Amino acid sequence: MVATKQLGPRTPRPARLPFTRQLLLLQVLLLVVVTGLGFTVAAWQVNHTLRQRFTDRALFVAETFATEPSLADDVLARRQPAVQERARQAQRATGALFVVVTDRDGIRLAHPNPAEIGHRVSTSPDAALRGHHVTNIERGTLGLSARGKVPLRAGDGTIVGEVSVGFDAQEITRALQRLLRDSILLLGLGLLAGIGGNLLLTRLLKRRIFGLEPADLAELVREREAVLFGVSDAVTAIDVEGTVTMLNAEAQRLLGSRVRIGERLEDSDLPLAVRRAMTAAAPGRDVATLDDRALVVTRRDVHHDGRTLGSVVTMVDRTEMENLTSELEGVRLMTQALRAQRHEFANRMHTVRGLLHTAGPADALEYLDALAEGPGVAVGMTEEMIAPASIRAFLAGKTAEASETGVALVLSETSYVPRKLTAPVEVITVLGNLVNNAVEAARRARQTRHRPARVEVDLLVDGEDLLISVADSGDGVPETMRRSIFQEGFSTRGPERGLGLPNARRTAESFGGSVDLTHPGGVSDPTVFVARMPGVLRPAVTDATAPGHLVHHSGETR
């Protein structure tokens with residue numbers, strides 16, 4: 001497991017207000033503006049409502065007082081004291097600022113100030129004397145008041161005067177102040193709650209972005225793109241929920257459309273072995289096969305401040321390396337075989353020369369007969385029987401190498417490959433991996449059981465298909481391992497092994513062929529692996545009718 005480097009600004013920047021504080025101040029300013037506008041609208045609405053309520057109240061009192069019995073008769077008879085007394089009673093009962101009664105000409109017959117009686121009212125009575133109901137806020141002899149004016153009618157409906165009722169406008173102001181005070185308290189509490197919420201929001205935001213500024217985030221994104229899409233390894237990021245959050249260009253090339261960003265890894269179309277390697281419980285390195293590619297998968301957990309952020313998976317394609325290794329192995333074996341043959345040939349020629357000089361032709365002939373009947377791959381190793389030079393060179397070199405470890409590598413008498421190969425590298429890859437495993441198994445059995453070690457290779461042709469059979473005298477394959485031997489990384493010989501058989505099978509399957517364990521072997525029975533590689537032989541007519549066909553080294557087409 002690895003821990004991420006402490007995140008923070010990469011380069012010194014000019015001192016300025018942090019982004020989170022800018023965001024907080026902007027949100028507070030917005031709240032203040034919105035609260036102020038709301039308060040202004042609410043104050044205007046309350047003021048309008050109060051004015052309307054007071055004028056309606058004044059109008060209601062005026063209408064009620066104007067309907068009192070005999071009031072119109074007292075006005076017509078100009079019984080001023082009676083009218084004044086009744087007006088005072090109504091004023092005291094309703095809490096009005098004034099209740100004024102006039103005659104048909106607008107002359108006061110009742111007023112809170114007796115000195116104003118007998119004078120014309122200070123505000124126009126014309127609308128009420130014409131039969132209209134009037135509400136307004138006006139200033140009169142008693143100051144600013146909310147007024148309601150109604151006509152005073154006699155029993156026959158004739159307008160005989162006006163009734164005007166007013167309430168002190170200061171009451172409107174006091175009521176407005178009380179309502180605004182309560183509104184300010186509520187709005188203040190709301191503003192404080194909003195500021196507190198914004199403080200929590202900015203702290204959460206700062207925590208989520210690890211205290212970075214927008215410029216730092218932009219720089220990190222640019223660096224991420226440059227690094228992740230510039231490396232040759234495939235890189236995949238997976239969050240704690242198992243969702244793929246990032247795939248660089250190489251990962252998209254290797255994985256193709258089997259997995260997409262935003263998709264859970266367990267819902268993808270990746271093979272089970274690849275998914276297990278990418279989601280292993282313990283971080284580490286594993287080997288998995290994807291199509292015809294061998295991938296080395298490395299998974300590491302990512303942590304920050306003690307919190308797991310997810311994991312990063314890197315994948316390296318070892319297919320080309322394996323193919324190149326196999327090809328170089330073939331060249332090495334060929335070189336080693338030629339060197340061994342040269343040395344052995346020189347020794348034998350010296351022996352024959354010495355026999356001819358000292359013992360005579362009969363002894364030399366006996367020695368040559370013994371050489372012809374000795375072990376090796378002499379059977380079927382002529383160009384007429386095994387036409388591909390790469391196969392002959394590989395078997396010759398491998399025979400010399402195996403003999404040094406006490407293993408006899410032989411080619412069966414029934415082997416017959418009369419035509420050149422169209423894919424010599426791939427054929428040697430499959431044949432080499434099978435022979436290497438067989439030689440190793442026979443060598444180990446020889447060491448543990450002290451019995452002869454033998455590996456037999458059988459090569460047959462079926463049309464343009466090549467059949468490869470490799471049998472060894474090893475201890476066989478236990479039943480518990482028969483399902484695992486073709487899995488990447490499975491080996492009983494220690495770490496960094498277990499690639500031979502999977503590579504052989506993968507190479508054969510790329511041609512539409514197969515590699516199978518046909519006989520598991522045992523103490524006395526040989527272990528047999530059979531590979532079929534379709535279409536790797538040149539057509540029979542090519543060698544006869546196309547002598548100018550393109551050849552490579554020993555005459556094999558590539």
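In this predicted model, Asn136 has Arg147 of strand β5 as its bridge partner. That pairing belongs to an antiparallel arrangement in which strand β4, spanning residues 134-140, is joined to strand β5, spanning residues 143-153, by 7 bridges. The connection from β4 to β5 is a hairpin of 2 residues. In a regular strand, side chains alternate between the two faces of the sheet.

A second feature lies on the surface, where Arg53, Arg57, Arg174, Arg178 and Arg181 form a patch of positive charge. Two helices, α1 (19-66) and α5 (169-208), each contribute at least two residues to this positive patch. The most is given by α5, which supplies 3 residues; Arg181 is located in this helix, α5. An α-helix has 3.6 residues a turn, so residues three or four places apart point the same way.

Further along the chain, helix α12 comprises the 26 residues 424-449. From its first C-alpha to its last, α12 reaches 36 Å, which is close to the 38 Å expected at 1.5 Å a residue. The residue that follows α12 is His450, and the phi of His450 is positive, near 55°.

Technical notes:
Residues are numbered from 1 along each chain as its sequence is written. This is a predicted model: local features need pLDDT of at least 70, side-chain atom pairs count only at pLDDT 80 or more; totals for chains, interfaces and linings use all residues. Side-chain values use heavy atoms; hydrogens and water are left out. Two strands pair if DSSP finds at least two bridges between them. Helices (H or I, at least four residues) and strands (E, at least two) are DSSP runs, numbered from the N terminus. Patches are made of residues with over 30% relative accessible area and no salt bridge: like charges are joined within 9 Å, nonpolar side chains (Val, Leu, Ile, Met, Phe, Trp, Tyr) within 5 Å. Accessible areas come from the Shrake-Rupley method with a 1.4 Å probe; for residues, only the protein chains shown count as cover. A salt bridge is a side-chain nitrogen of Lys or Arg within 4 Å of a carboxyl oxygen of Asp or Glu. Lys and Arg count as positive and Asp and Glu as negative; His and the chain ends are not counted. The place of a charge is taken as NZ of Lys, CZ of Arg, CG of Asp or CD of Glu. The expected span of a helix is 1.5 Å times one less than its number of residues.
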